[in-house]
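Trainee: Could we walk through this protein together, one step at a time? I would like to learn how to read its fold.

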Amino acid sequence: MGVAENKALVRRFYEEVWDRGNFEFARDVFADDYVRHDLRPTHALPGAAGMAKIAADFRRAFPDARWRVDLVLGEDDFVAARWTATGTFTGQWGDVEPTGKAATFSGVNIYRFNQGGKVAEIWNHRDDLGFMAQVGVSVWAGAAPETPSLTGTEPRSR
């Protein structure tokens, strides 16, 4: 497949999987042995099933999530896409309890396609700090610091 077809597939991936919740479409996009590069720790299942689970878990936590593709660029075997999403955090997400708060956040994904026309690698970059702040979840770069309690009499962990 050429650059135009790869770009169209990436755009359709966001529309089908992330915006509409058609998780099975991930099988049409990702190779069974694709490699996920992520800035945060992840224990995703391998292959398209792993990508489908990531999207399904997110949509369970943010059932009203909407995705908009802002920009898609492509060259050779690579496609980069910038997207913006909105949603309300009303369901469990990993070990994070829902807050009922809404968020609008953006990210960029870079895809490398294999000769068979499927994604062989993805680099995932998302504004997690801004996203988590909007939904009311604290983010720590290590152990949470000790902070005084609300009464000021004893320390507590956040």
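Mentor: Happily! Let's begin with a term: two strands pair if DSSP finds at least two bridges between them. Keep in mind, too, that this is a predicted model.

Trainee: Which residue in E5 does phenylalanine 113 stand opposite?
Mentor: Start with the two strands, E4 (residues 102-113) and E5 (residues 119-126), which run antiparallel and are joined by seven bridges. Phenylalanine 113 belongs to the E4 range. Across from phenylalanine 113, in E5, is valine 119.

Trainee: Which strands stand at the edges of the sheet?
Mentor: The sheet is open, with five strands in mixed pairing and the order E1-E5-E4-E3-E2. A strand at the edge has a single partner strand, so one of its sides is left without a neighbour in the sheet. That describes E1 (30-38) and E2 (66-75).

Trainee: What is the average twist from one strand to the next?
Mentor: Picture going through the order E1-E5-E4-E3-E2. From each strand to the next, the twist averages 20 degrees.

Trainee: What angle does the direction of H3 make with that of E1?
Mentor: H3 covers residues 47-61 and reaches 22 Å from its first C-alpha to its last, close to the expected 21 Å. This helix packs on the sheet, touching E1, E2, E3, E4 and E5. Its buried residues include Met51, Ala55 and Phe58. Relative to E1, the direction of H3 makes an angle of about 55 degrees.

Trainee: Is H1 parallel or oblique to H3?
Mentor: Two packed helices are described by the angle between their axes and the distance between the axes. Here the axes of H1 (residues 3-19) and H3 come within 9 Å and cross at roughly 55 degrees. Angles under 35 degrees count as roughly parallel, so the crossing of H1 and H3 is oblique.

Trainee: How many nonpolar residues are in the contact of H1 with H3?
Mentor: From H1 come Phe13, Val17, Trp18 and Asp19, and they meet Met51, Ile54, Ala55, Phe58 and Arg59 in H3. Sorted by class, the contact has two charged residues and no polar ones, and the number of nonpolar residues is seven.

Trainee: Is aspartate 76 buried or exposed?
Mentor: Look for aspartate 76 in the loop between E2 and E3. Most residues other than glycine have a negative phi. Aspartate 76, though not a glycine, has a positive phi of about 55 degrees. Its relative accessible area is 59%, and the cut-off is over 50%, so aspartate 76 is exposed.

Key: Residues are numbered from 1 along each chain as its sequence is written. This is a predicted model: local features need pLDDT of at least 70, side-chain atom pairs count only at pLDDT 80 or more; totals for chains, interfaces and linings use all residues. Side-chain values use heavy atoms; hydrogens and water are left out. Helices (H or I, at least four residues) and strands (E, at least two) are DSSP runs, numbered from the N terminus. The expected span of a helix is 1.5 Å times one less than its number of residues. Buried means under 20% relative accessible area, exposed over 50%, partly exposed in between (1.4 Å probe, protein chains only). Axes are lines fitted to C-alpha atoms, for helices over the stretch in contact, and angles run from 0 to 180 degrees between N-to-C directions. Contact means heavy atoms within 4.5 Å. Angles under 35 degrees count as roughly parallel, over 145 as roughly antiparallel, 65 to 115 as roughly perpendicular and the rest as oblique. Ala, Val, Leu, Ile, Met, Phe, Trp, Tyr, Cys and Pro count as nonpolar, Asp, Glu, Lys and Arg as charged, and the others, Gly among them, as polar.
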